[in-house]
Amino acid sequence: MRQFDNYIEIVPLMGVDKILVDENSHNVQLVLKQGVEFEKFFTDSDVVLDNKEKTKNGNIYFQQGIDVAIQLTEKQKIKYNGRKVVVKLFCGDEEKIWGTRQFPVNCNVVGKLNNSVVNLSCDTIYDIL
């Protein structure tokens with residue numbers, strides 16, 4: 001597990017023009033389509049990424065997930081629920097891009113009265129830690 005700051009930024013995968021992954025460092029760089037921007041959300045607490053190493057057919061992959069409580073409008077719930085997204089995570093001055101075209105982050109929203117629980121999950125070969 002790794003703890004990040006108490007906010008995240010999300011963009012739908014369809015708003016991404018290019019995703020460049022350095023195969024050695026696994027650093028990710030994004031180029032968004034014109035007019036598309038990340039949307040920033042503050043969470044009720046620090047963001048904790050659960051990162052479990054798994055093996056399938058002799059190959060190692062990582063099962064990653066975050067559950068965060070954030071305030072979403074109805075329009076935002078519709079925009080993100082059930083969608084593939086790319087997420088920015090922050091730890092001080094460090095910024096991590098989570099999600100690629102091949103391994104996008106799945107976003108599921110469970111509505112609550114004052115805020116929503118957003119479940120973000122990804123099975124990937126890239127260890128974000």
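In this predicted model, Arg 2 turns up in strand S1, which covers residues 2-4. Its relative accessibility is 17%, so Arg 2 counts as buried, the cut-off being 20%. The side chain of Arg 2 has a partner in Glu 94, the two being joined by a polar contact of 2.5 Å. Glu 94 itself belongs to strand S9, which runs over 94-98.

Stepping back to the whole chain, the secondary structure adds up to eleven strands and one helix. Going along the sequence, the order reads β-β-β-β-β-β-β-α-β-β-β-β. The 129 residues have a radius of gyration of 14 Å, and a compact globule with that many residues would come out near 14 Å, so the two agree. Along the principal axes, the C-alpha atoms take up a box of roughly 45 × 35 × 30 Å. Buried residues make up 42% of the 129. The accessible surface is about 7700 Å², and carbon and sulfur atoms contribute 45% of that. As for how the chain folds back on itself, take the contacts with a separation of 6 or more: 65% of them are between residues 24 or more positions apart.

Pro 12 gives a local view of such long-range contacts. This proline is found in strand S2, and with a relative accessibility of 10% it counts as buried. Leaving aside residues up to four places away in sequence, Pro 12 touches Lys 79, Tyr 80, Lys 84 and Val 85. For one of these, Lys 84, the C-alpha atom is 6.2 Å from that of Pro 12, although 72 residues separate the pair along the chain.

Tyr 80 comes up again among the aromatic pairs, of which the structure holds four. One of them joins the rings of Tyr 7 and Phe 42, whose centres are 5.7 Å apart; their planes meet at 45°, so this pair is tilted. Tyr 7 sits in strand S2 (residues 7-12) and Phe 42 in strand S5 (residues 39-42), so the pair ties together parts of the chain that are 35 residues apart in sequence. The two partners differ in exposure: Tyr 7 is buried at a relative accessible area of 17%, whereas Phe 42 counts as exposed at 52%. Tyr 80 pairs with Phe 41, and here the geometry is edge-to-face, with 5.9 Å from centre to centre and 85° between the planes. Again distant parts of the chain are linked, with Phe 41 in strand S5 and Tyr 80 in helix H1 (residues 74-80), 39 residues apart. Both of these residues, Phe 41 and Tyr 80, are buried.

The Tyr 7 and Phe 42 rings also belong to one aromatic cluster together with Phe 90. Tyr 7 has a charged neighbour as well: the charged end of Lys 40 sits over its ring, 4.6 Å from the centre. A similar arrangement involves Lys 88, whose charged end sits over the ring of Phe 38 at 4.5 Å from the centre.

Over in the loop between strand S9 (94-98) and strand S10 (105-111) lies Thr 100. Thr 100 is buried, with a relative accessible area of 6%. A polar atom of the Thr 100 side chain lies 2.9 Å from the backbone nitrogen of Phe 103. Beyond residues up to four places away in sequence, Thr 100 touches Leu 13, Ile 19, Val 21, Val 28 and Tyr 126.

Two of those neighbours, Val 21 and Tyr 126, are 105 residues apart in sequence, yet their C-alpha atoms are 9.8 Å apart in space. Val 21 has its place in strand S3 (residues 16-21). With a relative accessible area of 24%, Val 21 is partly exposed.

A different kind of local feature shows up at Asn 57, in the loop between strand S6 (47-56) and strand S7 (59-70). Most residues other than glycine have a negative phi. Asn 57 is not a glycine, but its phi is positive, at about 55°. Asn 57 is also exposed, with a relative accessible area of 72%.

Technical notes
Residues are numbered from 1 along each chain as its sequence is written. This is a predicted model: local features need pLDDT of at least 70, side-chain atom pairs count only at pLDDT 80 or more; totals for chains, interfaces and linings use all residues. Side-chain values use heavy atoms; hydrogens and water are left out. Rings of Phe, Tyr and Trp (its six-membered ring) pair if their centres lie within 6.5 Å; planes under 30 degrees apart count as stacked, over 60 as edge-to-face and the rest as tilted. Helices (H or I, at least four residues) and strands (E, at least two) are DSSP runs, numbered from the N terminus. Buried means under 20% relative accessible area, exposed over 50%, partly exposed in between (1.4 Å probe, protein chains only). A charge sits over a ring if NZ of Lys or CZ of Arg is within 6 Å of the ring centre and within 35 degrees of the ring normal. A polar contact is a pair of N or O atoms within 3.5 Å; within protein, one must be able to donate a hydrogen and the other to accept it, and residues adjacent in sequence count only if both atoms are side-chain atoms. Contact means heavy atoms within 4.5 Å. The radius of gyration is taken over C-alpha atoms; the globule rule is 2.2 Å times the number of residues to the power 0.38. Accessible areas come from the Shrake-Rupley method with a 1.4 Å probe; for residues, only the protein chains shown count as cover.
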